[in-house]
Amino acid sequence: MSNLKLSFPDIPARAVAVTVSEAFDEDETIYNSISGPRYTRSWLQATSASNLLIDFALGAGVTSSSDHLIIAHADQWLDHPTYGDVTDISVFSDSLSDYSTAATIYNDASPDPTDLLGPDSEDYIATWSAATARRYWRLFVSKPNTTFLAHSKIYLGTFYDPGIDCSRYTIDYIDRPPYLSRADAGTIIIGRRERPRYRFTIAWDGVSDALITTFSDSVLKIQHKHKGVFLYSTAVNEILDGHRLVHCDMTSARITGGGVADWNRLECTFEEYSG
């Protein structure tokens, strides 16, 4: 196990069907949870019920395990002055599409905004031991009845773990770019960040052939359609400038073989997302 792992859209991005129990805004649909920049949102309509189910169905014969859930911009779930707070976040999985034999993978009956992570304390993360691989996955959210609910991204699946600690890293502070956000009333706001964004360049020396293949087939492959990764520090937070979780765009990735079996260098550059 390494002291830095990568999260990517995984199950939501690989799902052949995504269904929801409540209607989302036609311009800011549930699919914004899977792809697109961080500033995009998925907004529930005002008439939504108190319980929300988001179901991800993988293809026929396809199963997946999971070991974590990340909700980007969960601050809008857990600390909203107008719409109230989410009171339960749970993950279920099943081999049947009706979830009649569902297993509870994770349950948080009292999510707390003080537990949110990230440079601006906006993101929710839950981790657990690797779950049994199944085809159907469900995110359950309980909230005050008939209220809006908005978030940015849902990452559910298995971390990419390079298997070794990083060999070296650099941290740069880059521009304060303009950003777009949407006010509660629907108005688009143009602003500028109060602090610079991060750029992390991280290298791992000695990654095995199998784990390089996993990186290429999972993290790297999915970036062409569903960009974005979360960097998650499990022990040495200095790698992320004291943070445990940072949402980034992976702007480059280089794999260099060492000329011998099971020795590869993986070097990636990540730039923190705005919004």
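Two strands count as paired if DSSP finds at least two bridges between them. With that in mind, open the model, which is predicted.

Start with strand 15 (residues 198-207) and strand 18 (residues 264-272). Eight bridges join the two in the antiparallel sense. Select I202, then look across to strand 18: the bridge partner there is C268.

Next, widen the selection to the sheet. This open sheet has six strands in the order 1-16-17-18-15-12, and the pairing is antiparallel. Colour strand 1 (4-7) and strand 12 (168-173): these stand at the edges with a single partner strand each, so one side of each has no neighbour in the sheet. On average, neighbouring strands of the sheet are turned by 35° against each other, direction ignored.

Now show helix 3 (residues 209-222), which packs on the sheet. Helix 3 touches strand 1, strand 15, strand 16 (229-233), strand 17 (245-257) and strand 18. The direction of helix 3 makes about 130° with that of strand 17.

Finish with the cysteines. How many disulfides does a search of the whole structure find? The search finds zero. Select C166 and C268: the closest cysteine sulfur to that of C166 is the one in C268, and at 11 Å this is too far for a bond, since a disulfide needs sulfur atoms within 2.5 Å. C166 has a relative accessible area of 15% and is buried.

Then select C248. C248 is in no disulfide either, and the nearest cysteine sulfur, that of C268, lies 11 Å away. Is C248 buried or exposed? C248 counts as buried, at 0% relative accessibility.

Notes: Residues are numbered from 1 along each chain as its sequence is written. This is a predicted model: local features need pLDDT of at least 70, side-chain atom pairs count only at pLDDT 80 or more; totals for chains, interfaces and linings use all residues. Side-chain values use heavy atoms; hydrogens and water are left out. Helices (H or I, at least four residues) and strands (E, at least two) are DSSP runs, numbered from the N terminus. Axes are lines fitted to C-alpha atoms, for helices over the stretch in contact, and angles run from 0 to 180 degrees between N-to-C directions. Contact means heavy atoms within 4.5 Å. Buried means under 20% relative accessible area, exposed over 50%, partly exposed in between (1.4 Å probe, protein chains only).
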